[in-house]
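Trainee: I would like to learn how to read a buried charged side chain in a model. Where do we start?

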Amino acid sequence: MHFKYFIYVLIVKVLIVQNTLAQQLVDPEAIVEDLVEEVIEEEEEELDFSEISSRLNYYLRNPIDINKTDGRELIELYFLSPLQVQNFLSYRELSGNFISVYELQSITGFDEQTIQRLLPFVTIGKSNDLLKSKIKDGEHDLILRYGRILQKQKGYLDPEKPGQSHYLGIPDRFFVRYRYRLRDKLQFSLNMKKDAGEEFFSGNQRNGFDFYSASFFIRDVGKLKNVVVGDYSLQLGQGLSLWNGLSFGKGSLIQNAARQGMGLRPYTSSNESQYLRGTAATLSLGKLEVLPFVSYKRIDAPLSADSSSFSSINTSGYHRTPSEIKNQHSVSQMVYGMNLLYHSGSIKVGATTFQTSFDKPMMPNQQLYNNYAFRGEKLTNSSVYYQYTIRNVYLFGEGAYLFNEGFGLVNGLIGSLSHNLSLVLLHRSYQKDFYSFMNQGFAESSKAVNEKGLYSGLIWNPNRKIEWVAYADYFKFPWVKYRVDGPSQGYDLFSQFNYSPRKSLTVLLRYRYRNKQENSTLTDPVNKLENVVRHQIRAEANYKINETIQFRNRFEHVNYSKGMEANEKGYMVYHDIIFKPQAHSIRGNLRFAAFKTDSYNSRIYAFENDVLYGYSFPPYYNKGLRFYGNMRYRLQRNVDLWIRYASFLYAEDGIGSGLDYIEGNMKSDIRLQLRFQF
């Protein structure tokens, strides 16, 4: 150990000199923003992604002690692959504790970009002993957020006819978020949320907010690895059977094809459906972990005429109109089960079984694509999953089974072919009668059901300036789907090239090609399947002028076609100005964008900066301009104010549809947020 210490002292001295300029140019907040965009860029649902930025920002303030972590915290950073985490643990086991964080460069698979990303989130020598901590040492974090669309939408106008649908509440949005943390060992969370159009302390919402969520979490107390009372999530295996909260599939982070289940976590998101409510605990018995759980909650579901059954589950969380309120909490859901996990060295094997029951039977609509959908009051799911690392190869998989019905199977690997080349392979097979209400396995569709596919990806880092990632995914659907009246197939190709000639400049080029089948839009007696093809090209440049100002530019082009119909095209270009003075209480950013698409089919999504823990990922479509500005002002040491204004200006009048329709050509949104830390 003395020899090792001497060698690494010399290395550290050299690295400190070589990395001084690099560290000056590293902006932790920019790293968080880039990671959030990479993780969610392929998601087109309106979800709350604050869980990601909240977790990353927490580890910025409370870096992970790399000599004490068991890998769980590293998984929560999202950008490390399972193979990298396992290589990290193996290196520490063989070489002993780290002397410097720069020793990370000695680990197989840790390239310069990975280390640059990781450095702001890690440290050495930080104590995390809960028994030596006091309640007063904890951190309190309170956020108050307000927002609304400034233009009048149709749903807020007086209905023209008696009984006509309209929004019962006001257009204001309110959100309150409170956290108490005692390091990473104890946490109390409380969320309160009101969406636009919902009533507030009146009518059907006399208790104030439409959604309340709370949880108490404690970790590493004796044999109890963790305990949650209140709202929680379970992320097990590869997500085929039981996975709550967010999951991610295809995108530029190729390694996310392999789910990294975090097990039991407190639920801290404002999504109003993807959680369990009750209690769960993980008991550590040497190499075996036992996780029993139970949950009971009321869910939203449209009922039949006599209220004796329901046809589907509503996950939007909106309760704005009489019909939405009628479906609110109309069905009770009970979930209980157990997970067992055995781990020894580089191998983990787990098994899960649980039952989901309702107080009314589920009876989906009699459509052909629902022929194999679940019907009844109870269903029992079980699965077995594994992870195993052998040399430079990480193997993973899960087999899941719906009692008396179908099964799903996924297997894959992440391999280091050389020092700068990694491979990802994943095969999946989900039967048409396989189903789980908490299924978020890797899939082309929103659910891992009625699908077979083969995914392969490559990550190449020939040097510190260049990174190339690519994947190819072939999939087919043996049974019919919604808007697909026959067996269908398709494929998805992706290639992205990153070039960083210097620390202040990054250039990105991306191409994506998607081809899958849908019903023809022609009015034929029999629906025919036609190929829907989407080409997408992106060019982006990020340039740091100095420590205060950064420019970000993007051009994106889309070509959409369906069968013999005319091609549709779309483009979007934007320029961002990011202003972050090092010793000033004001920070902000601006975006100016122009876009033109032939229709919603050729829409383009773009991540937008927002208030802290907020998120914006709107579609750009039709023809118009986009502007937004964010400003953060530090009122005093522990009090911050955010102000955000964003606006679409379209070339033609009439924005949106239904109750969200706006007369005119402008749609503007404002957000205000206060944060208190004490």
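Mentor: We take the whole chain, then one lysine. Bear in mind that this is a predicted model.

Trainee: How many helices and strands does the protein have?

Mentor: The secondary structure comes to seven helices and 29 strands.

Trainee: What radius of gyration does the protein have, and what would a compact globule have?

Mentor: The general idea is to compare the value with one expected from chain length. For 678 residues a compact globule would have a radius of gyration near 26 Å; the protein has 25 Å, so the two agree. The C-alpha trace spans about 85 × 55 × 55 Å along its principal axes.

Trainee: What share of the residues is buried?

Mentor: Of the 678 residues, 52% count as buried. As for contacts with a separation of 6 or more, 62% are between residues 24 or more positions apart.

Trainee: Now the lysine. Where does Lys194 lie?

Mentor: Lys194 lies in strand β5, which covers residues 186-194.

Trainee: Which side chain of opposite charge is nearest to Lys194, and how far away is it?

Mentor: The general idea is to test for a salt bridge, with a cut-off of 4 Å between side-chain nitrogen and carboxyl oxygen. Lys194 is buried but has no salt bridge; Glu198, the nearest side chain of opposite charge, is 5.7 Å away.

Trainee: Which backbone oxygens does the side chain of Lys194 reach?

Mentor: The side chain of Lys194 reaches the backbone oxygen of Asp172 at 2.5 Å and that of Ile170 at 3.2 Å.

Trainee: Which residues does Lys194 touch, leaving out those up to four places away in sequence?

Mentor: Among them are Arg173, Phe174, Glu199, Phe200 and Phe209; Ile170 and Asp172 are also touched by Lys194.

Methods. Residues numbered from 1 in each chain as written. Predicted model: local features only at pLDDT ≥ 70, side-chain atom pairs only at ≥ 80, totals over all residues. Heavy atoms only, no water. Helix = DSSP H or I, 4+ residues; strand = E, 2+ residues; numbered from the N terminus. Buried < 20%, exposed > 50% of the residue type's maximum accessible area, 1.4 Å probe, protein only. Lys, Arg positive; Asp, Glu negative; His and termini not counted. Polar contact = N/O pair within 3.5 Å; in protein donor to acceptor, adjacent residues only side chain to side chain. Contact = heavy atoms within 4.5 Å. Rg over C-alpha atoms; globule rule 2.2 N^0.38 Å.
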